[in-house]
Structure formats: structure tokens, C-alpha cells
Amino acid sequence: MSDKLLRTLIEDGQVSLVAVNSTETVRHAQIIHGMSAPAARLFGRVLTAMTYMSCWLKEETGELSASIKHRGEAGEVCVSGDSRLRMRGYIYNPAASTDVLGKGYMTVVRDDDYGKPFVGTCELVDGDADKDFEYYYRLSEQLPTYIRTDVLFDERGLCKAAGGIFLQPMPGASEIAVQAAQNFREQLSDFGERLEKQGMDGILKAFFGVKEWTETPFAYGCRCSREYIAGVLSSMGEKELRDILRSEGKINVHCHYCGSDYDFFESDIDKMFPHAPEGEEAGKGDGRETERI
Ligand SMILES: [Zn+2]
């Protein structure tokens, strides 16, 4: 199962409209991270906004990640996506009882694979994810972007609908077109219910009167693999790894994005360092990064 991102233009080509149906992706994340409904609501809205941001990545190897650090109960929210719209992330407190963002800031890192990632940081302004992403766009792109995201849950508290509408007037758009985009955002206060009842195609046709659009499928996807983790571990140096083996019996690496656990034993470390005698390899890196990759 995959979700869909739909792209089109409205208002005589003056406003870009992107519609994201992220229901399956958010539900998958909720299940693997064991998120409460409020935590999944916050996470889902951030993931939906990040899917929108990722769809503008130009390079095939490009990657985008956002970290929202704030004082609210849910704690840090991290979401990243790539140009193929493989989305992944985690939330610090999956058991949170509220989705409100506290005071804090959002950091967005866009890596176009040119060797120098773009890093943008802005303060959180509203306690509401949509408004914070709008503010980020106003600062970073100097263009108004109108955002409406929502996540709905069934009676068991499991995500049953998630998605968002993103309206961005093109440079040179008329005042009327900009106002129309803003009005659409206001009128979509029941967006989640509409998404559940009409589906995204239905919203585009019935609400926006759009007939044509392009569709890009996307899903939750983690890029971690045993080979990748082994590469990260080997860069720490043999001595460090042997020390952990001695004290822990194994080296466990937990991927915070997808919940996978990777265990490495003595035989694995032997394979990583087939010739280097024990103790000769100097430890590199800070050596304590096994918890977070
Ligand atoms: Zn992973």
C-alpha cells in the first residue's frame, strides 16, 4: 500500500496546489513507534508537511530532514524524506497526551548532495505545526504558503485519515489569487472529515474544481540496513567495538526511524577487521553514537 501526492495548478495557473494523502504512512509510523493518538497527530502533521517539502527536491540523491525541538510534552519530532518520497521519522515521547508544540525551534537541513547542506532554523511561533511550517516558508522562500494538515483516528485511536493541502502562490500571482489561496485554507477547517469521506481525488474535484493533476506514490521507508550500520560501526575503530563487546556481550544498534534492531557479535567484528590485530586500531569518532543513527 502506498500513499499519494497530487500536484496541480489552480487560479489560472497562479497558485500551486499540492495535496498529500499520508494515511497509510502515518498509520504505519504510529504502529511501529507505538504512538498515542496525540503523538501520532503531531507526528503525522509534520510528516505530511515534510512530504510536501521533499517533493521539491531536485537531485535524485537529495534528502531533507526537519527536527522540531520544543518544550511540549511530545518532545523532539524528527522527520526526513528523500527525492523518492521515502519518509521516515520518530518522536521523542510516543506516549504524549497532547499534540501541542511548546516553545522551541525548527531546524531544516536540505542536502542536495552538492557537499554543502543548506541549514535553516526558525523559532516556533504558534504551537501549531501548520502555522510553524507556514512561518518557515515565509522566512526561507519569502513566499506565502497556506497549509492545512489533519489526522483523524478511529475509536481504537488508530490513524484512519491523514493528509494535507499546500497552496503556494507563484511569483507574480495577483492579489486576488493570493487571497483565494488563503480563503481555501480557511474553508478547509474540516479537511480531515472531507478526506475520509471524499478521498483526495474527491476534494480536488469537488472542492477545488480541478480535473487534471499528476500523482506521485510514496510510503514510509527507512534507508537503514545491516551493511550500512556495519559501515558506521567499523568507522568507530576496533578497540571501541571490542570494549563494548566485552562489557555488553554484543553490540546493539537500534534504528530510531523504523524500530529495527541490529545485533553484532564477536564473529561480526572479526569479519570487519580481518587483519588488524586487536588494540592496534585507534578509535575514531566519538564512539558513543551507537544509540542514534
Ligand atoms: Zn531504520
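In the predicted model, ten strands assemble into an open sheet with the order 7-6-3-4-5-10-1-2-9-8, and their pairing is mixed. The edges are occupied by strand 7 (118-123) and strand 8 (146-153); each has a single partner strand, so one side of each is left without a neighbour in the sheet. From one strand to the next, the twist averages 15°. Within this arrangement, strand 5 (residues 86-91) and strand 10 (residues 214-220) run parallel and are joined by two bridges. In this pair, R86 of the chain is placed opposite A219 in strand 10.

Two helices were examined for their packing on the sheet. Helix 1 (residues 23-33) touches strand 1 (3-10), strand 2 (15-21), strand 5, strand 8, strand 9 (159-169) and strand 10. The direction of helix 1 makes about 130° with that of strand 9. Helix 3 (residues 129-141) also packs on the sheet, where its contacts are with strand 6 (104-111), strand 7 and strand 8. For helix 3, the angle between its direction and that of strand 8 is about 155°. Strand 8 is thus touched by helix 1 as well as by helix 3.

The largest nonpolar core comprises 64 residues, of which A19, F43, V46, M50 and V77 touch the most other members. Helix 2 (residues 37-54) gives the most to this core, contributing eleven residues. When residues up to four places away in sequence are not counted, M50 touches L64, A66, V79, G81 and M87. A second core of eight residues is separate from the largest one and includes L233, I244, I251 and V253. In soluble globular proteins, nonpolar side chains tend to be buried together.

The domain assignment divides the protein chain into domain 1 (3-220) and domain 2 (226-291). Taken over C-alpha atoms, the centres of domain 1 and domain 2 are separated by 36 Å. Contact between the domains involves five residues of domain 1 and four residues of domain 2. On the side of domain 1 that touches domain 2, helix 1 and strand 5 are the elements that give two or more residues. Strand 5 gives the most to this side, with three residues. By character, the residues of the side of domain 1 that touches domain 2 divide into two nonpolar, two polar and one charged.

Over the protein chain, the secondary structure comes to eight helices and twelve strands. The C-alpha trace spans about 70 × 45 × 35 Å along its principal axes. Of the 293 residues in the protein chain, 40% are buried. Among contacts between residues at least 6 apart in sequence, 66% join residues at least 24 apart.

The loop between strand 1 and strand 2 contains E11 and D12. E11 is not a glycine, yet has a positive phi of about 55°. A positive phi of about 55° is likewise found at D12, which is not a glycine either. As to burial, E11 counts as buried because it has 21 C-beta neighbours inside 10 Å, the threshold being 20 or more. D12, by contrast, has 10 C-beta neighbours inside 10 Å and therefore counts as exposed, a class that requires 12 or fewer.

Key. Residues numbered from 1 in each chain as written. Predicted model: local features only at pLDDT ≥ 70, side-chain atom pairs only at ≥ 80, totals over all residues. Pairing = 2+ DSSP bridges. Helix = DSSP H or I, 4+ residues; strand = E, 2+ residues; numbered from the N terminus. Axes fitted to C-alpha atoms, helices over the stretch in contact; angles between N-to-C directions. Contact = placed C-beta atoms within 7 Å. Core = buried A, V, L, I, M, F, W, Y, C linked by C-beta atoms within 7 Å. Domains from an automatic or database assignment. Nonpolar A, V, L, I, M, F, W, Y, C, P; charged D, E, K, R; others polar.
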